[in-house]
Amino acid sequence: MMKRAVTLVVISLVLLTVSGAGYSQDISFHGSDIMQLARTIVTSVKQTNRLPSAYALPMTGGQTMVITAPNAYELLVRATITWKEHNNFPTTVSLLLHDLVGPAPEPKLEPARDGLVVGVPTMDIGNYAAAWLAMAEAPGHKLPKAMTFETGYRLTAAQIIVAMAMLIDETLREEKFPIAIAVPLVRAPQNWLDTAKPVTVIAAQTPAPPAPQADLHIRLNGIELSESGPLIPGTGALPTFCGTIRVDLSGTGPVNTIRVLLDGNEVQLFKGVGPHYLPIDSPKLTDGTHMLSLTLTDEAEITYFYIFSFTVHNGRRPGFTPAEPHVQQIDVTPK
């Protein structure tokens with residue numbers, strides 16, 4: 001601004017896709033799906049005031065895995081640590097503590113009522129993330145029951161998970177890192193390893209590639225025209241024209257039709273990208289400035305406009321014209 005089996009007291013990892021396929025031992029998740037996991041946690045606790053015990057989370061290999069709340073703790077902690085160290089959210093996050101479990105129930109740690117919140121400085125989440133991971137990696141692989149911070153507020157393991165999720169989600173939504181977040185004091189899962197009804201985490205959607213855009217390249221006697229002017233080495237002005245003026249057109253993208261107008265009068269209609277060629281006989285035009293305008297319509301019926309001016313100087317005098325009669329010409333006299 002992530003085998004189809006349920007173990008006993010260790011974590012429950014349930015593949016919901018085709019069984020029998022070969023999978024890497026590295027259980028990893030796209031960073032974008034960890035962001036989706038954070039958003040799912042935030043949405044769920046707002047509805048129930050209790051942390052869900054399990055989540056169906058897409059893996060990097062395309063399978064979906066059911067992870068427990070302790071697994072979510074590990075993934076969010078690892079993502080937060082990498083985020084803090086590199087100032088970028090990780091592209092992938094791996095799950096290593098396969099037997100991580102939640103703390104034993106402590107009713108006195110649960111909130112007295114719904115709706116209670118505590119303000120948490122976001123720097124605390126980054127500063128304590130490494131300690132939270134160390135607690136999980138200690139013998140027994142168990143989440144802490146609760147942690148009291150220097151400022152006096154206290155968060156349970158479930159609330160620590162929500163705090164990390166809220167930091168990620170709010171940073172994504174606001175497109176900036178907040179100074180503090182209001183963390184709801186949610187209740188812990190009744191069973192940290194219950195995978196019977198996992199909350200589905202919708203896979204992050206890869207943005208669709210932008211649709212190809214139509215465009216038109218225009219040349220007068222070999223001089224390319226652009227919005228910033230003619231592309232002539234060493235000069236920024238078109239020369240005056242006399243004789244036959246060759247107009248070359250080449251479209252790109254989903255071009256349907258190209259209309260060419262001279263001084264507001266249509267002189268040619270082309271189909272498709274081309275290349276197309278149009279000769280203009282300058283002796284049929286008066287000396288001075290003329291307007292060449294083109295409209296390109298793409299296959300979605302979107303129209304693009306191109307307008308350029310050029311100067312004709314035929315230098316007429318009795319008995320002489322500089323026109324080039326050997327080049328095929330068309331009559332562009334306004335009807």
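This section describes the nonpolar cores, two helix pairs and several individual residues of a predicted model.

The largest nonpolar core of the model comprises 59 residues. Within this core, the residues with the most contacts are Phe-29, Ile-41, Leu-51, Tyr-73 and Trp-132. Helix H4, spanning residues 157-174, supplies the largest share of the core, with eleven residues. A further core, of 25 residues, lies apart from it and includes Leu-220, Ile-245, Phe-270 and Tyr-304.

The surroundings of Tyr-73 were examined in the larger core. Residues up to four places away in sequence being left out, Tyr-73 touches Leu-100, Trp-132, Ala-136, Leu-143, Pro-144, Ala-157, Ile-160, Ile-161 and Met-164. Trp-132, one of these partners, is likewise listed among the core residues with the most contacts.

Two helix pairs were analysed. Two packed helices are described by the angle between their axes and the distance between the axes. In the pair formed by helix H1 (residues 31-48) and H4, the axes come within 8 Å and cross at roughly 110 degrees. H1 is therefore roughly perpendicular to H4, and the crossing of H1 and H4 is left-handed. On the H1 side, the contact involves Met-35, Ala-38, Arg-39, Ile-41, Val-42 and Val-45. These residues meet Ile-161, Val-162, Ala-165, Met-166, Ile-168, Asp-169, Leu-172 and Arg-173 of H4. Sorted by class, the contact of H1 with H4 contains eleven nonpolar and three charged residues, and no polar ones. Ile-41, which takes part in this contact from H1, is also among the residues with the most contacts inside the largest core.

In the second pair, the axes of helix H2 (residues 69-86) and helix H3 (residues 122-137) come within 9 Å and cross at roughly 135 degrees. At this angle H2 is therefore oblique to H3. The crossing of H2 and H3 is left-handed. H2 contributes Tyr-73, Val-77, Arg-78, Thr-80, Ile-81 and Lys-84 to the contact. From H3, the contributing residues are Ile-125, Gly-126, Asn-127, Ala-129, Ala-130, Trp-132, Leu-133, Ala-136 and Glu-137. By class, the contact of H2 with H3 has nine nonpolar, three polar and three charged residues. Tyr-73 and Trp-132 thus appear on the H2 and H3 sides of this contact, respectively.

Phe-270, listed in the core of 25 residues, lies in strand E16 (residues 265-271). With a relative accessible area of 11%, Phe-270 is counted as buried because this value is under 20%. Neighbours within four places in sequence aside, Phe-270 is in contact with Leu-249, Asn-256, Thr-257, Ile-258, Val-260, His-276, Tyr-277 and Leu-278. The C-alpha atom of Phe-270 is separated by 9.5 Å from that of Leu-296, which is 26 residues away along the chain.

Thr-295 is found in strand E18 (residues 288-298). Thr-295 is also buried, with a relative accessible area of 16%. Beyond four places in sequence, the contacts of Thr-295 are with Thr-257, Ile-258, Arg-259, Thr-303, Tyr-304 and Phe-305. Thr-257 and Ile-258 are among the contacts of Phe-270 and also among those of Thr-295. Tyr-304, a contact of Thr-295, is included in the core of 25 residues.

Asn-221 occupies the loop between strand E11 (215-220) and strand E12 (223-226). The relative accessibility of Asn-221 is 36%, and this residue counts as partly exposed. Sequence neighbours within four places excluded, Asn-221 is in contact with Phe-241, Thr-244, Ile-245 and Arg-246. Asn-221 and Phe-241 are 20 residues apart in sequence, with a C-alpha to C-alpha separation of 9.0 Å. Ile-245, another contact of Asn-221, is among the residues of the core of 25 residues.

Backbone features were noted at several loop positions. The peptide bond joining Gly-274 and Pro-275 is cis, with omega about 20 degrees. Pro-275 lies in the loop between E16 and strand E17 (276-281). Asn-49, a residue other than glycine, has a positive phi, near 60 degrees. Asn-49 is placed in the loop between H1 and strand E3 (54-58) and is buried, with a relative accessible area of 9%. Asp-263 also has a positive phi, near 50 degrees. This residue, Asp-263, lies in the loop between strand E15 (255-262) and E16. Asp-263 counts as partly exposed at 36% relative accessibility, whereas Asn-49 is buried.

Technical notes: Residues are numbered from 1 along each chain as its sequence is written. This is a predicted model: local features need pLDDT of at least 70, side-chain atom pairs count only at pLDDT 80 or more; totals for chains, interfaces and linings use all residues. Side-chain values use heavy atoms; hydrogens and water are left out. A nonpolar core is a set of buried Ala, Val, Leu, Ile, Met, Phe, Trp, Tyr and Cys residues joined through side-chain atoms within 4.5 Å. Buried means under 20% relative accessible area, exposed over 50%, partly exposed in between (1.4 Å probe, protein chains only). Helices (H or I, at least four residues) and strands (E, at least two) are DSSP runs, numbered from the N terminus. Contact means heavy atoms within 4.5 Å. Axes are lines fitted to C-alpha atoms, for helices over the stretch in contact, and angles run from 0 to 180 degrees between N-to-C directions. Angles under 35 degrees count as roughly parallel, over 145 as roughly antiparallel, 65 to 115 as roughly perpendicular and the rest as oblique. A crossing is left-handed if the near helix is turned anticlockwise from the far one by less than a right angle, and right-handed if clockwise. Ala, Val, Leu, Ile, Met, Phe, Trp, Tyr, Cys and Pro count as nonpolar, Asp, Glu, Lys and Arg as charged, and the others, Gly among them, as polar.
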